[in-house]
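Reader: I have a model open on my screen and would like to understand how its labels are earned. Could you take me through it?

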Amino acid sequence: MTTAVNAGDDPADGWFPESVAVRYDAPGGANAPEVVTPAVDLLEDLADGPVLEFAVGTGRIAAPLAARGVPVSGVESSRAMAARVAGKPGGDAVEVTIGDMTTTRVPGRFSLVYLVFNTIDNVTTQDGQVAVFRNAAAHLRPGGLFLVEVGVPALRRLPPGQDTVPFATTPGADGGGYVGFDRYDVVTQRFTSNHVTVSPDGTGRFRSIPFRYAWPAELDLMARLAGMSLKHRWSDWDRSEFTAESTKHVSVWETGPDT
């Protein structure tokens with residue numbers, strides 16, 4: 001098993017360097033049409049003018065949204081990820097700014113800012129997460145919307161004395177396989193998402209990424225500090241009801257009329 005840094009990776013790209021970016025658009029999973037299309041449908045419906053994606057990545061969502069005629073800008077900290085946006089249908093219309101979503105400002109005012117796929121958890125301090133909300137609000141015109149898609153912390157799945165929750169076990173057809181598990185620290189609200197991939201020849205790759213989880217109510221308070229209030233909370237992109245059994249939420253906060 002290896003955790004070695006790949007020779008072609010730029011440390012400035014953080015947790016998403018070239019060795020990750022080159023595999024990020026693999027078919028299936030988060031890239032499957034049945035996952036992407038409902039997200040793009042809802043974002044298109046909420047957009048009432050230009051939109052901005054924080055952590056635009058490789059353009060998984062931004063490119064198809066732009067292909068529908070929505071003016072899309074993006075902020076991305078990884079140049080390796082951002083370099084792939086323009087190669088997707090619609091991606092050449094997405095204006096990407098390299099920077100940190102907690103502080104980077106993009107010219108203009110937007111009808112919608114959005115942050116998907118648990119990426120708010122990539123900001124590993126409460127102050128940093130508050131800064132994301134404030135930066136989103138600063139980009140929004142009066143009555144603008146900030147949308148976040150993020151998982152509900154899986155603490156209900158932790159037996160007493162345990163700190164680890166598996167989320168995927170996938171055997172390979174020709175040997176090897178993949179195991180994913182989250183390891184929680186309930187005192188600090190920090191956790192790591194751990195990915196173990198084993199090749200048929202027995203060699204493997206281990207990747208561990210740090211996160212900070214926040215409950216929906218805590219995110220609502222962050223929004224309040226940024227001058228926004230909750231408008232919608234759904235269990236998924238299909239606008240299904242958010243319940244005690246929901247494993248994630250798609251939440252939308254609205255700025256005031258004088259923002």
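Author: Gladly! Keep in mind that this is a predicted model. Let's begin with a turn: E7 and E8 form a hairpin with four residues between them, and Gln189 in that turn has a positive phi of about 65°.

Reader: What makes E7 and E8 a pair of strands?

Author: Pairing takes at least two bridges, and nine bridges join E7 to E8 (residues 190-198), so the two strands qualify. They run antiparallel. One of the bridges has Asp185 with Arg190 in E8 as its partner.

Reader: How do you know that E6 pairs with E7?

Author: By the same reasoning: seven bridges join E6 (residues 164-171) to E7 (residues 177-185), against a requirement of at least two, so they pair. These strands also run antiparallel. Thr169 stands opposite Val179 in E7. The hairpin of E6 and E7 has five residues between the strands, and Gly175 there takes a positive phi near 100°.

Reader: Which residue is 8.5 Å from Gly175, C-alpha to C-alpha?

Author: That is Gly202, 27 residues apart from Gly175 in sequence. You will find Gly202 in the loop between E8 and E9 (204-212).

Reader: Why is Gly202 called exposed?

Author: Its relative accessible area is 55%, and exposed means over 50%, so Gly202 earns the label.

Reader: And why is Ser111 called buried?

Author: Ser111 has a relative accessible area of 4%, and buried means under 20%, so the label fits. This residue is found in strand E4 (residues 110-115). Leaving aside neighbours within four places in sequence, Ser111 is in contact with several residues, among them Asp48, Pro50, Leu140 and Gly144.

Reader: What makes the approach of the Ser111 side chain to the backbone oxygen of Gly49 a polar contact?

Author: The distance is 3.3 Å, and the cut-off is within 3.5 Å.

Reader: How do you know that the length of helix H5 agrees with what is expected?

Author: H5 (residues 126-139) has 14 residues, so at 1.5 Å a residue it should span 20 Å; the end C-alpha atoms are 20 Å apart, which agrees. Buried residues in H5 include Gly128, Val132, Phe133 and His139.

Reader: Now the rings. Why is the pair of Tyr184 and Tyr213 called edge-to-face?

Author: First, the count comes to ten aromatic pairs. One of them is Phe16 with Tyr24, edge-to-face at 6.3 Å centre to centre and 85° between the planes. For Tyr184 and Tyr213, the centres are 5.8 Å apart and the planes stand at 65°; pairing needs centres within 6.5 Å and edge-to-face needs over 60 degrees, so both tests are passed. This pair links distant parts of the chain: Tyr184 is in strand E7, while Tyr213 is in the loop between E9 and H6 (216-225), 29 residues apart.

Reader: Are Tyr184 and Tyr213 buried or exposed?

Author: Buried means under 20%. Tyr184 comes to 9%, so it is buried, and Tyr213 is buried too, at 3%. Tyr184 and Tyr213 form one aromatic cluster with Phe191, Phe211 and Trp215.

Reader: Why is Phe16 called partly exposed?

Author: Partly exposed lies between the 20% and 50% limits, and Phe16 has 22%, so it falls in that range. Tyr24, at 25%, also counts as partly exposed.

Reader: What makes Arg207 a charge over the ring of Phe16?

Author: Arg207 lies over the face of Phe16, at 5.4 Å from the ring centre, and the distance limit is within 6 Å. Arg60 lies over the face of Phe117 at 4.9 Å.

Notes. Residues numbered from 1 in each chain as written. Predicted model: local features only at pLDDT ≥ 70, side-chain atom pairs only at ≥ 80, totals over all residues. Heavy atoms only, no water. Expected span 1.5 Å × (residues − 1). Buried < 20%, exposed > 50% of the residue type's maximum accessible area, 1.4 Å probe, protein only. Polar contact = N/O pair within 3.5 Å; in protein donor to acceptor, adjacent residues only side chain to side chain. Contact = heavy atoms within 4.5 Å. Phe/Tyr/Trp six-rings, centres within 6.5 Å; stacked < 30°, edge-to-face > 60°. Lys NZ or Arg CZ within 6 Å of the ring centre and 35° of its normal.
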